[in-house]
Amino acid sequence: MKTKIVLLGPPGSGKGTQGEKLCEQYGFVKLSTGDMLREAVRKGTALGVKADGYMKSGALVPNDLIIALMKEKITSLDEGTGIIFDGFPRTVEQANALGEQVHIDLALNLDVNDQELIDRLTKRRTCPKCNAVYHLEYNPPKRAGFCDKCRSVLELRSDDREETVRNRLKVYRESTLPLIKYYEKKGNLVTIEGVGSIDEIFAKVKKAVL
Ligand code: AMP
């Protein structure tokens, strides 16, 4: 089984959802830079204050801040820990920094078309407390507006509004798409069509991971 896995794919491609399922079934630890940054913003830490403006506009937070954050997180885990990297790396500079610290044995690319991404993100609802993710039609919470897991009130992320979503997709194409070639050259890229039910996609994800 692969133990250090990068999830690649545009915002809304299902990295968080599929990563969460891998954690539940196989005990991986998921490191999501987006979740860490949102927590920092909520708590008003120095990192949160610096990151807030970039996140609101859908731009990337500067590499040096992200690389330092992830270095610290990875160092705090035991070497044998199975790790899913969700939303990191997002630039070649971040991928190089990660590669210096950890040997990545799988880069799993979730391929989804733009129209589907916009639909998923604008109808996505997230739990600000436990980071669980829902979709109003395809994966609704049992009680409308509330998280199934921790009962908190669900939110539309401020960067999931259509205008910001379009900018995030543009940023993805410019800065993150080159990572597909990057990991292809390293020989550890697997691309999966990320369209279908969550369980159908997860069946393909499992095949790549096991
Ligand atoms: P996500 O939850 O992964 O969609 O990330 C939400 C936002 O956090 C992004 O639009 C960026 O502003 C920021 N962010 C998350 N991960 C990174 C990263 N690896 N590099 C730069 N910015 C990031």
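Which atom of the ligand is 2.9 Å from a polar backbone atom of glycine 87? In this predicted model, that atom is a nitrogen of the ligand, and the legends below begin with its surroundings.

**View 1. The ligand and the shell of residues around it.** Sixteen residues, written as 16 in the count, surround the ligand, and the closest are Thr33, Arg38, Ala59, Gly87 and Gln94. Helix H2, which spans residues 33–43, supplies four residues and with them the largest share of the shell. Sorted by class, the shell contains seven nonpolar, four polar and five charged residues.

**View 2. Polar atoms of the protein facing the ligand.** A polar backbone atom of alanine 59 is 2.6 Å from an oxygen atom of the ligand, and a polar backbone atom of glycine 87 is 2.9 Å from a nitrogen atom of the ligand. With arginine 168 the partner belongs to the side chain, where an N or O atom is 3.2 Å from an oxygen atom of the ligand. On its own the ligand has 480 Å² of accessible area, and the protein covers 96% of it.

**View 3. Asparagine 63 in helix H4.** Asparagine 63 lies in helix H4, which comprises residues 63–75. With a relative accessible area of 19%, asparagine 63 is under the 20% cut-off and therefore counts as buried. Its side chain is joined to that of glutamate 93 by a polar contact of 3.1 Å. Once residues up to four places away in sequence are set aside, asparagine 63 touches Thr91, Glu93 and Gln94.

**View 4. The cis peptide bond between phenylalanine 88 and proline 89.** The bond that joins phenylalanine 88 to proline 89 is a cis peptide bond, with omega at about 0°. Most peptide bonds are trans, and most residues other than glycine have a negative phi. Proline 89 is found in the loop between strand S3 (83–86) and helix H5.

**View 5. Two residues with positive phi, asparagine 131 and arginine 151.** Asparagine 131 has a positive phi of about 70° although it is not a glycine, and its place is the loop between S5 and S6. Asparagine 131 is partly exposed, at 30% relative accessibility. Arginine 151, also a residue other than glycine, has a positive phi near 70°, and arginine 151 is found in the loop between S6 and H7. The relative accessible area of arginine 151 is 66%, which is over 50%, so this residue counts as exposed.

**View 6. Glycine 145 in the loop between strand S6 and helix H7.** The loop that holds glycine 145 runs between strand S6 (133–135) and helix H7 (162–176). Glycine 145 has a relative accessible area of 33% and is partly exposed. Although glycine 145 and arginine 125 are 20 residues apart in sequence, their C-alpha atoms are 8.3 Å apart in space. Leaving aside neighbours within four places in sequence, glycine 145 is in contact with Ser152, Val153 and Leu154.

**View 7. Helix H6, its cap and its buried residues.** At the N-terminal end of H6, asparagine 113 acts as a cap, with a side-chain oxygen that lies 3.3 Å from the backbone nitrogen of glutamine 115. Within H6, which covers residues 114–122, the buried residues are Leu117, Ile118, Asp119, Arg120 and Leu121. Their cover includes strand S5 (124–126), together with S6 and H7.

**View 8. Helix H8 beside helix H5 and helix H7.** Two packed helices are described by the angle between their axes and the distance between the axes. The axes of H5 (residues 92–101) and H8 (residues 178–186) come within 10 Å and cross at roughly 35°. On the H5 side the contact is made by Val92, Ala95, Asn96 and Leu98, and on the H8 side by Pro178, Leu179, Tyr182 and Tyr183. This contact of H5 with H8 involves seven nonpolar residues, one polar residue and no charged residue. H7 and H8 pack with their axes 6 Å apart, at an angle of about 35°. Here Tyr172, Arg173, Glu174, Ser175 and Thr176 in H7 meet Pro178, Leu179 and Ile180 in H8. The residues of the contact of H7 with H8 divide into four nonpolar, two polar and two charged.

How values were computed
Residues are numbered from 1 along each chain as its sequence is written. This is a predicted model: local features need pLDDT of at least 70, side-chain atom pairs count only at pLDDT 80 or more; totals for chains, interfaces and linings use all residues. Side-chain values use heavy atoms; hydrogens and water are left out. Axes are lines fitted to C-alpha atoms, for helices over the stretch in contact, and angles run from 0 to 180 degrees between N-to-C directions. Helices (H or I, at least four residues) and strands (E, at least two) are DSSP runs, numbered from the N terminus. Contact means heavy atoms within 4.5 Å. Ala, Val, Leu, Ile, Met, Phe, Trp, Tyr, Cys and Pro count as nonpolar, Asp, Glu, Lys and Arg as charged, and the others, Gly among them, as polar. A residue is near a molecule or strand if one of its heavy atoms lies within 4 Å of it. A polar contact is a pair of N or O atoms within 3.5 Å; within protein, one must be able to donate a hydrogen and the other to accept it, and residues adjacent in sequence count only if both atoms are side-chain atoms. Accessible areas come from the Shrake-Rupley method with a 1.4 Å probe; for residues, only the protein chains shown count as cover. Buried means under 20% relative accessible area, exposed over 50%, partly exposed in between (1.4 Å probe, protein chains only).
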